[in-house]
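Work through these exercises with the model open beside you. Each one sets a task and then solves it step by step.

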Amino acid sequence: MTTSHTVPEASQQSLTFVLVHGAFQTGATWDHVASELRRLGHLVHTPTLAGHGPGAPLNLTHADGVASLVAYLQQHALSDVVLVGHSIAGSFIAKAAEQDPDRIKRLVFLSSFTVSSGNSLADEFPPETSAVFAMADPAQGLLLPFELIRERACNDMPLADAETLHAAMTPVPVAYFTDKLDLTTFYELIGSGKLKTSYVNPVNDIALPPGEYGWETRAQRLGPLCRILHTPGAHYAMTTQPTELADTLIQAGRD
Amino acid sequence: MTTSHTVPEASQQSLTFVLVHGAFQTGATWDHVASELRRLGHLVHTPTLAGHGPGAPLNLTHADGVASLVAYLQQHALSDVVLVGHSIAGSFIAKAAEQDPDRIKRLVFLSSFTVSSGNSLADEFPPETSAVFAMADPAQGLLLPFELIRERACNDMPLADAETLHAAMTPVPVAYFTDKLDLTTFYELIGSGKLKTSYVNPVNDIALPPGEYGWETRAQRLGPLCRILHTPGAHYAMTTQPTELADTLIQAGRD
Amino acid sequence: MTTSHTVPEASQQSLTFVLVHGAFQTGATWDHVASELRRLGHLVHTPTLAGHGPGAPLNLTHADGVASLVAYLQQHALSDVVLVGHSIAGSFIAKAAEQDPDRIKRLVFLSSFTVSSGNSLADEFPPETSAVFAMADPAQGLLLPFELIRERACNDMPLADAETLHAAMTPVPVAYFTDKLDLTTFYELIGSGKLKTSYVNPVNDIALPPGEYGWETRAQRLGPLCRILHTPGAHYAMTTQPTELADTLIQAGRD
């Protein structure tokens, strides 16, 4: 093939994806998924949130992260966006949708937190993990230890790949995890049908423990019209199964 | 191929399947699965329950639906039947088995309700959905809205396929959902070992929300000897994955 | 092929597996998995626990079973062992690890019980099943009835294969199921990070009912650093999916 874009089948809808990475990462984590989506005829943006990437400022609030995402959508004049949030980015896409719902076609939560209104992200972790956030030094930012990332989020990867992934991670503002989030408007937009949602769960994702903290609980918060889909892989399916994930994101985002 | 039947392998058992469709559909929903089962050497019946299909009477009780199934089994003098019920048909096969257990080899519940004795089908939905049934007009019958079918039952389908599927649906008697069902005999037949059961769960089936209302709870009601199997696809796996579903139904129905 | 060993890829770690069978079976149950692991360059041991196999003594305690495993590890001077326990062997590998943790690289629980300290294995079954153990005659040993094994553990097998599997089973000491197990040290070793664990769940494994008794509960007991992986197949994945299981055991056991 001589072009990275192909014309989609007549029956296939061309979508505009904005893929938002999880904590400690940048937009580059989506490279393989984005290539695959573009090959299938879709438009793809992979912004890096404020507070992420080497040298990023660490004295930011969660609202600063949201503002950087809203600004990206507005500066690129994006509309009809399938806005995908991985892991903690579920909280950023939810807050961004509150501020500018008219740009959003659908929110897609991938391996994602769906924060209860009034909670912080840290509150959504089980107690034994959330202690990590209380102890973090805001001046240093927060980066989860390798062992936890390796066992719970890279459970399907060889060690070398997990090491590469963690080595590229950088600390993020502690307040991203500890700021309490008012999501009243977000849940109202869902309840009124103005905001559509999908939840994508990689079958081997055990970054949050199954059961009380598992995907079922998180997807349920998005109400009876949330479209739920499973996909191969674990928490970093964009690294280990990018082709399959691209396909599932299309299923999650299309009309 | 010049015949739709092939001789099964010596080691493979030829089974008699009666496949019972879910709400709003007819026996035609099984066409692809039935073809595949016949190709593998099995006998297949796909009756349409009373109260289903274009122009069907809507002033029926749940017992009328059951009676139409029992009559079908008797008129065709069927025996040793693997009786498969999709979705709400779980309640019809359970009641039919109470009336004529000797014709049944095994009940197979696919994406299915297993109603607690004394409940109606509506009682087995989560509260936010069961309100739909209380508001339904018996003279009009009941048909779930497209958006709910599309997001929760066609979650793995392109829009056009979901539209085709819903366009073919027709209303069913409201009493099918609201009649209270005495299933004392059904659960006694299971407890005594006289009635064998299997439960088949498509891995992407989220027509009922995961967790409290999910397949685990429903399968558990069938007791410690229920054979549970997962299969690819979502609530309409007979439409999206007929070959795989046929294979799983054989695994569910064989000795 | 003229040799059963091949050189692993440079990037692949050669592991030493000790595969411990479940109740009523012997080390022979691992034959296909062991062949596959050896073909991939790993060392594999498949000991038979005391109290298992034709003619085995039935007047043993759970501690005798553990002692036979510890003796095997010591007599073969094994170190850096990936110690895999299937089903009830989860309890034997846990107790063995308490006695000789320095030989263990990682414990892998496959379809496995993770007994709460102070409980017996029988206590970890749902009430309707645990009654079987209370009624067992110690002089005869215990063997679960065919129907239960067929429906809940061989749910994905043809009847003939399930019959072959059950016909090869022999009774085991009743005390293996009824002895109360002090696992204080085991859970301390996990909590301190001295003992690493993985949990492997075959997706069709419903030997213990899903929900309260399911894999989620059992894996959670192993703490926030347990590496959890799903694999194809059901309770006897070593029989039905040996190649895929070997691959998953490598993922579970590697650094």
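**Exercise 1. Find the outward face of helix H6 in chain A, then its buried side.**

Step 1. Start with the face of H6(A) turned away from its buried side: this face carries the exposed residues A:Thr164 and A:Ala167. Exposed means over 50% relative accessible area, buried under 20%, and partly exposed in between (1.4 Å probe, protein chains only).

Step 2. This is a predicted model: local features need pLDDT of at least 70, side-chain atom pairs count only at pLDDT 80 or more, and totals for chains, interfaces and linings use all residues. Residues are numbered from 1 along each chain as its sequence is written, chains are lettered from A and ligands numbered from 1 in the order in which they are written, and side-chain values use heavy atoms, with hydrogens and water left out.

Step 3. List the buried residues. In H6 (residues 159-167) of chain A they are A:Ala162, A:Leu165 and A:His166. Helices (H or I, at least four residues) and strands (E, at least two) are DSSP runs, numbered from the N terminus.

Step 4. Place them around the axis. They cover an arc of only 95 degrees, so they are on the same side of H6(A). The arc is that of the directions from the helix axis to the C-beta atoms.

Step 5. Look for the cover. Helix H5 (146-153) and helix H10 (237-240) of chain A are among what covers the buried residues of H6(A).

**Exercise 2. Trace the sheet of chain A and find its edges.**

Step 1. Write down the order. Six strands of chain A form an open sheet, E2-E1-E3-E4-E5-E6, with parallel pairing. Two strands pair if DSSP finds at least two bridges between them.

Step 2. Pick out the edges. Strand E2 (43-45) and strand E6 (227-231) of chain A each have a single partner strand, so one side of each lacks a neighbour in the sheet.

Step 3. Check the twist. Neighbouring strands of this sheet are turned by 20 degrees against each other on average, direction ignored. Axes are lines fitted to C-alpha atoms, for helices over the stretch in contact, and angles run from 0 to 180 degrees between N-to-C directions.

Step 4. Follow one pair. Strand E5 (residues 197-202) of chain A runs parallel to E6(A), and five bridges join them. The bridge partner of A:Asn201 in E6(A) is A:His230.

Step 5. Add a helix. Helix H2 (residues 62-75) of chain A packs on the sheet and touches strand E1 (16-20), E2, strand E3 (81-86) and strand E4 (104-110) of chain A. The direction of H2 makes about 160 degrees with that of E1(A). Touching, or contact, means heavy atoms within 4.5 Å.

**Exercise 3. Describe how chain B meets chain A and chain C.**

Step 1. Count residues for chains A and B. 16 residues of chain A are in contact with 16 residues of chain B.

Step 2. Give the area. Chains A and B bury about 1,500 Å² between them, 51% of it on carbon and sulfur atoms. Buried area is the accessible area (1.4 Å probe) that two parts lose on being put together, summed over both.

Step 3. Name the main contributors. A:Pro224, A:Leu225 and A:Arg254 supply 32% of the area that chain A buries against chain B, more than any other three residues.

Step 4. Find the charged pairs. Chains A and B share two salt bridges. A salt bridge is a side-chain nitrogen of Lys or Arg within 4 Å of a carboxyl oxygen of Asp or Glu. One joins B:Glu151 and A:Arg106 (2.6 Å, N to O).

Step 5. Turn to chain C. Here 16 residues of chain C contact 16 residues of chain B. The buried area is about 1,500 Å², with 51% from carbon and sulfur atoms. C:Glu151, C:Arg152 and C:Pro210 supply 33% of what chain C buries against chain B, more than any other three residues.

Step 6. Two salt bridges are found across this interface too. C:Glu151 pairs with B:Arg106, the closest N and O atoms being 2.6 Å apart.

**Exercise 4. Is B:Thr248 buried or exposed, and what does B:Thr248 touch?**

Step 1. Locate B:Thr248 in helix H11 (residues 242-253) of chain B.

Step 2. Read the accessibility. B:Thr248 counts as buried because its relative accessibility is 6%.

Step 3. List the contacts. Not counting residues up to four places away in sequence, B:Thr248 touches B:Val200, B:Leu229, B:His230 and B:Thr231.
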